[in-house]
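Me: Could you take a close look at one part of this model for me, the mixed sheet and whatever packs around it? I'd like one connected walk-through rather than a list.

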Amino acid sequence: MKNILIGLIVLLTTLSCKAQVIAVEDFENHNQDLEDGAYIKDINNVLDKYVGTWTGTYSSKNYEFTIIKFTENNTNGSLNYKVDLLLMKYKITDSTGTELVNTLGFSNDNMFVIRGDYVTSNDTYVLSYQGLDTECGQNGTIYISISNAASDVMKLGFLVDGEMGLDCTAGGTIQILPTTSGLELTKQ
Amino acid sequence: MCRGNPVLYLDFSHCSNYQVPDGPSGDNTNENPNDNQTSGGGTNNNDDGDSTVTSPVELEDPRCPPGSGKVMIDDVCVCPPNSNKIEDANGVCNCPEGKIENASGICVEDPCRYIKLQIQNPVYTAQANELKTKTGLNQETGYKQNKDGTQVALNETNGGHSLTIPIDINTVGYMHTHINGYNAGDLDSDGVDDFEKPIKMFSPADLLKFLQIVKNSKYNGVPTHLTYGTMISSSGNYTLRFTGVIDDIDVTNLKKAAVYKNDYKRYFEQQFKSNKERAFLHFLKDHININGIDLYRIRDNGDVEKKTLKENGRVDTSDCE
């Protein structure tokens, strides 16, 4: 009897400690609030193929993106969950090699680091972008995908949001990411 | 007394601007150093009956009848002078009809009354109905209202989908759409179309613009209880009203909208993904932390609901009568 009781206590304790885990590739279709302590986890390592340094050229600008996989622990205020996501930092130079912007050295929690949102059912990864001039509309959504067998070519698309803050007095800014077609990047 | 006719669209162009500083219309760095209304105590000069009292409401004096809410002044129990409360038939201090008690214990105009009046206005109704037909577009549209009653159609999106809403010292409120998710085409040229999923609730930028309008009302003669920000979407129409203390809107404590963006998305796209009201109210509580920013839903049948957070973190809905 004593052993049965101990077993029940252990079982109940185990069940109550089991946090909700959702695979990152399943989260797009998860339309409920997260349970306390939930973890949106890259169980199947679907994000790993994006990790690394990628370079490409578009409209006479040279782009270098560094992508890392990061586990974000959100346990402040009303938030109580963890999520595996990608962070993108970047450097853009013009045709003469002059640096236009460089976030490669920014800390992971810097607002100008491109932050991952979710994996789509088509295996595209969606991220949020705020450029250095986000106050004047340099912001939007980034879409990246890798589909070749060697996983060394990545396609990047950008959709402008353009939302402006109170302090922008100069009007809408110029976008520095490609807006008219996708950017093809090669893994280094 | 500075009043506008609340049934027709409001014209406050005859109202004086009091000590308009360089700051409030968008520049956060130039507060009027001579404006001592922002230091504690006293009321503002908005003479329509709104009081933006900055001194705290006194607690009930134990020498006064229990439950009366009264304080002792010159040996007499009276309703706290700063509260705008009056004594009811039972000797208890309560808000007069048409006013509600805000989080600071002060009686203020009940937003329910003014939202209901606003949605009966034919100009408002026509605009709202027009915007409801535009939530399926690929960009936001809207209107802003000036204090002289004029409406300005807004279409500028800077090449994106988010509307530019220019706020100035004459702005009373704005109304705009948040659009449906849409097919943005094959942006990354991988042969597969990409989809954008806008959030159908006030963004941090929308919220800060509303707060700027509220703050300007301390100086531009517009009654604070008539300032608003409205969002129209296919998932519901919402409006913001302010019942707090204007001086609590401290621009030195507020960040730029872009700084809030990543945190904001955590509430809507992850933690409270199924409930945008809950996401917004928790975001307000955790990150803005200004009492008196009130969220209302306006139903298509004209019902107006106030949305607040319960102790357990879920959303409470109370109907405006």
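Reply: Sure. One term first: a nonpolar core here is a set of buried Ala, Val, Leu, Ile, Met, Phe, Trp, Tyr and Cys residues joined through C-beta atoms within 7 Å. Keep in mind, too, that this is a predicted model.

With that in hand, the largest nonpolar core has 49 residues. The residues with the most contacts inside it are Met201(B), Phe202(B), Leu208(B), Val214(B), Ala279(B) and Phe280(B). Several elements of chain B each supply at least two residues of this core, including helix 1 (111-120), helix 4 (257-271), helix 5 (276-288) and strand 14 (293-298). Helix 3 of chain B gives the most, with 7 residues. As background, nonpolar side chains tend to be buried together in soluble globular proteins.

Val214(B) is a handy spot to zoom in on. Leaving aside residues up to four places away in sequence, Val214(B) touches Thr224(B), Thr227(B), Phe242(B), Ile246(B) and Ile249(B). There's also another core lying apart from the largest one; it has 37 residues, among them Val24(A), Tyr81(A), Val113(A) and Leu127(A).

Now the sheet itself. In chain B, 8 strands make an open sheet with mixed pairing, running in the order 8-7-9-12-13-14-15-16. Strand 8 (151-154) and strand 16 (315-319) of chain B are the edges, each pairing on one side only. From one strand to the next, the twist averages 20°. For a single pairing, try strand 7 (residues 142-146) and strand 9 (residues 171-177) of chain B, which are antiparallel over 5 bridges. There, Gly142(B) sits opposite His176(B) of strand 9.

Two helices are worth following across those strands. Helix 2 (residues 122-132) of chain B packs on the sheet and touches strand 7, strand 8, strand 9 and strand 12 (228-233) of chain B. The direction of helix 2 makes about 30° with that of strand 9 of chain B. Helix 3 (residues 204-216) of chain B packs on the sheet too, touching strand 9, strand 12 and strand 13 (236-242) of chain B, and its direction makes about 160° with that of strand 9.

Helix 5 of chain B takes us to other strands of the sheet. Its buried residues include Lys276(B), Glu277(B) and Arg278(B) as well as Ala279(B), Phe280(B), Leu281(B), His282(B) and Phe283(B). So what covers them? The cover includes helix 4, strand 14, strand 15 (304-309) and strand 16 of chain B. Just past the end of helix 5, Asn289(B) takes a positive phi of about 55°.

Zooming out, chain B has 5 helices and 16 strands, and 43% of its 321 residues count as buried. Among its contacts between residues at least 6 apart in sequence, 56% join residues at least 24 apart. The domain assignment splits off domain 1 (57-103) from domain 2 (109-319) of chain B. Their C-alpha centres are 35 Å apart, and 5 residues of domain 1 are in contact with 7 residues of domain 2.

Last, the partner chain: the contact between chains takes 43 residues from chain A and 41 residues from chain B. On the chain A side, strand 10 (153-160) gives the largest share, 6 residues. That side divides into 14 nonpolar, 21 polar and 8 charged residues.

Definitions and conventions. Residues numbered from 1 in each chain as written. Chains lettered and ligands numbered in written order. Predicted model: local features only at pLDDT ≥ 70, side-chain atom pairs only at ≥ 80, totals over all residues. Domains from an automatic or database assignment. Helix = DSSP H or I, 4+ residues; strand = E, 2+ residues; numbered from the N terminus. Nonpolar A, V, L, I, M, F, W, Y, C, P; charged D, E, K, R; others polar. Buried ≥ 20, exposed ≤ 12 C-beta atoms within 10 Å, placed from the backbone. Pairing = 2+ DSSP bridges. Axes fitted to C-alpha atoms, helices over the stretch in contact; angles between N-to-C directions.
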